[in-house]
Amino acid sequence: MADQYNTNEEKILRDSHNKEIDLINRDPKQINEDVVKVDFEDVIAEPDGTHSLDGVWKASYTTFTVSKYWCYRILSAIFGIPVALLWGFLFACISFCHIWAVMPCIKSYLIETQCLSRIYSLCIHTFCDPFFEALGKIFSSIRVALRKEV
């Protein structure tokens with residue numbers, strides 16, 4: 001039984017660190033759907049009546065598309081791994097702070113406020129409830145009648 005537990009635990013640990021990477025769909029949650037999708041038509045457009053030569057337009061399109069493609073490839077090849085390392089470190093620090101500082105503080109606060117809420121509730125029930133019950137009894141005998149006179 002213990003061996004089965006250990007193999008399941010090892011499998012879960014191995015699976016969480018060796019996740020399959022989809023090389024086709026690299027944005028499965030579509031977090032960059034509307035941000036960085038910039039095509040030639042989104043940046044350069046010629047209105048009717050103001051057109052350049054067809055050859056210039058085609059060359060501009062090709063130059064824009066190829067330079068954007070290769071510039072991204074070169075920048076990601078040079079800076080991709082160091083920036084990924086920095087982001088990994090940053091999110092590890094954020095996770096560490098959240099787990100070891102933020103949540104214990106929140107839990108401590110909730111425990112303290114629970115104690116204070118009991119004291120507050122006791123005071124309300126002791127002082128305010130009788131006062132408002134008395135007011136309710138005083139005003140319960142008032143009757144209002146509306147008449148429409150013509």
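So, residues 74–101: that span is 100% helix and 0% strand, and its end C-alpha atoms sit 40 Å apart. Keep in mind that this is a predicted model. Why pick that stretch? UniProt lists residues 74–101 as "transmembrane region", and that comes from an unreviewed entry.

Let me zoom out for a second. The protein chain has 3 helices and 0 strands, and from the N terminus on you just read α-α-α. Helix 3 covers residues 54–139, and Ile-78 is found in it.

How far does the predictor trust this? The chain averages a pLDDT of 86, with 88% of the residues scoring at least 70. By element, helix 3 comes out highest, with a mean of 94, while helix 1, residues 2–17, is the lowest at 56. I'll leave helix 1 there.

Okay, surface. Of the 150 residues in the chain, buried ones make up 1%. The accessible surface of the chain comes to about 14,700 Å², and 66% of that belongs to carbon and sulfur atoms.

Now, which residues form the nonpolar patch on the surface? We've got Val-66, Tyr-69, Trp-70, Ile-74, Leu-75, Ile-78, Phe-79, Val-83, Trp-87, Leu-90, Phe-91 and Ile-94. Together they have about 1,200 Å² of accessible area. Ile-78, the helix 3 residue I mentioned, is one of that group.

Last thing, the cysteines. How many disulfides does a search of the whole structure find? The count is 0. Take Cys-97: the closest cysteine sulfur is in Cys-93, 6.6 Å away, so that's too far for a bond. The cut-off, remember, is sulfur atoms within 2.5 Å.

And are these cysteines buried or exposed? Somewhere in between: Cys-97 is partly exposed, at 41% relative accessibility. Cys-71 also counts as partly exposed, with a relative accessible area of 41%.

That's what I have on this one; happy to pull up the model and go through the patch.

Key:
Residues are numbered from 1 along each chain as its sequence is written. This is a predicted model: local features need pLDDT of at least 70, side-chain atom pairs count only at pLDDT 80 or more; totals for chains, interfaces and linings use all residues. Side-chain values use heavy atoms; hydrogens and water are left out. Patches are made of residues with over 30% relative accessible area and no salt bridge: like charges are joined within 9 Å, nonpolar side chains (Val, Leu, Ile, Met, Phe, Trp, Tyr) within 5 Å. Accessible areas come from the Shrake-Rupley method with a 1.4 Å probe; for residues, only the protein chains shown count as cover. A salt bridge is a side-chain nitrogen of Lys or Arg within 4 Å of a carboxyl oxygen of Asp or Glu. Helices (H or I, at least four residues) and strands (E, at least two) are DSSP runs, numbered from the N terminus. UniProt positions are given in the numbering used here, feature names are shortened, and annotations may be inferred rather than shown by experiment. pLDDT is the predictor's confidence in each residue, from 0 to 100. Buried means under 20% relative accessible area, exposed over 50%, partly exposed in between (1.4 Å probe, protein chains only).
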